[in-house]
Amino acid sequence: MAKYISIPVTAADNFVISADSIVTCMRVSTTTTDIMVNVGQTANLNIQLTHAADTVTASVAKSIMDAVVEINELGSRPEVVNVMTPAQAVSAVAVI
C-alpha cells in the first residue's frame with residue numbers, strides 16, 4: 001500500500017513524497033535539511049529543503065522521520081497521505 005508524506009511549503013504547493021522511498025533525513029545546517037531518497041537499486045537522490053532556523057532537538061529532519069514512522073504504524077491501509085507539520089516552516093524544495 002502506498003504511503004506518502006505531505007510537507008507544507010510556504011507560498012507554494014505541498015511537497016509530497018513516498019514514505020517508502022525516504023532512506024534518511026540529515027540536518028545539513030540550521031536552515032537546510034537533506035532528504036535522501038532511494039530511486040533504484042543502486043541510486044539515491046538528495047532533496048534539499050530550505051527552512052527557518054531550527055535546532056538539533058526541534059529539527060525538520062527529525063519531524064520528517066517521525067512522520068515516516070507514524071505513517072508506517074498505520075499498517076496496510078490503502079494509499080495514505082500524512083500531512084505533517086515540520087518543526088520549522090519550509091520555504092523551498094530543490095533536487096541536488
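**Exercise 1. Start with the surface: how much area does the chain expose, and what share do carbon and sulfur atoms supply?**

Solution. The chain exposes about 5,300 Å². Carbon and sulfur atoms supply 55% of that area. Keep in mind as you work that this is a predicted model. To set the surface beside the interior, note that buried residues make up 34% of the 96 residues.

**Exercise 2. Work out which elements the chain holds and in what order they run.**

Solution. Begin with the count: there is one helix, together with seven strands. Next, walk along the chain from the N terminus, where the order reads β-β-β-β-β-α-β-β. Helix α1 covers residues 60-72, and strand β5, at 44-51, has a loop between it and that helix.

**Exercise 3. Compare the chain's radius of gyration with that of a compact globule.**

Solution. First take the expected value: for 96 residues, a compact globule would have a radius of gyration near 12 Å. Then take the value for this chain, which is 13 Å, so the two agree. For a second view, the C-alpha atoms fill a box of roughly 35 × 30 × 25 Å along the principal axes. Finally, look at the contacts between residues at least 6 apart in sequence: 53% of them join residues at least 24 apart.

**Exercise 4. Find the salt bridges, and say where the partners of each one lie.**

Solution. Begin with the general idea: side chains of opposite charge can pair when their charged atoms come close. The chain has 4 positive and 8 negative side chains, with the centres of the two sets 5 Å apart. Two salt bridges are present in the structure.

Step one is the pair R27 and D54, whose closest N and O atoms are 3.0 Å apart. This pair links distant parts of the chain: R27 sits in strand β3 (residues 22-29), while D54 sits in the loop between β5 and α1, 27 residues apart. Now check each partner's cover. R27 counts as partly exposed because its relative accessibility is 32%, whereas D54, at 6%, is buried.

Step two is the pair D66 and K62, with 2.9 Å from N to O. Both residues belong to helix α1 and are four residues apart, about one turn of the helix. Each is partly exposed: D66 has a relative accessible area of 39%, and K62 has 43%.

**Exercise 5. Look at A11 and A19: which is buried and which is exposed?**

Solution. Place them first. A11 is in the loop between β1 (3-7) and β2 (15-18), and A19 is in the loop between β2 and β3. Then compare the relative accessible area with the cut-offs, where buried means under 20% and exposed means over 50%. A11 has 87%, so A11 is exposed. A19 has 4%, so A19 is buried.

Now look at the backbone of A11. Most residues other than glycine have a negative phi. Phi of A11, however, is near 60 degrees, a positive value.

**Exercise 6. Which residues does A19 contact, beyond its neighbours within four places in sequence?**

Solution. Set those neighbours aside, and the contacts of A19 are K3, Y4, I5, V68 and I71. To place them, recall that β1 spans 3-7 and α1 spans 60-72. One further distance is worth finding in the model: the C-alpha atoms of A19 and N82 are 9.2 Å apart, although the two residues are 63 residues apart along the chain.

How values were computed. Residues numbered from 1 in each chain as written. Predicted model: local features only at pLDDT ≥ 70, side-chain atom pairs only at ≥ 80, totals over all residues. Heavy atoms only, no water. Helix = DSSP H or I, 4+ residues; strand = E, 2+ residues; numbered from the N terminus. Rg over C-alpha atoms; globule rule 2.2 N^0.38 Å. Buried < 20%, exposed > 50% of the residue type's maximum accessible area, 1.4 Å probe, protein only. Contact = heavy atoms within 4.5 Å. Areas by Shrake-Rupley, 256 points an atom, 1.4 Å probe, with all protein chains shown as cover. Lys, Arg positive; Asp, Glu negative; His and termini not counted. Charge placed at Lys NZ, Arg CZ, Asp CG, Glu CD. Salt bridge = Lys/Arg side-chain N within 4 Å of Asp/Glu carboxyl O.
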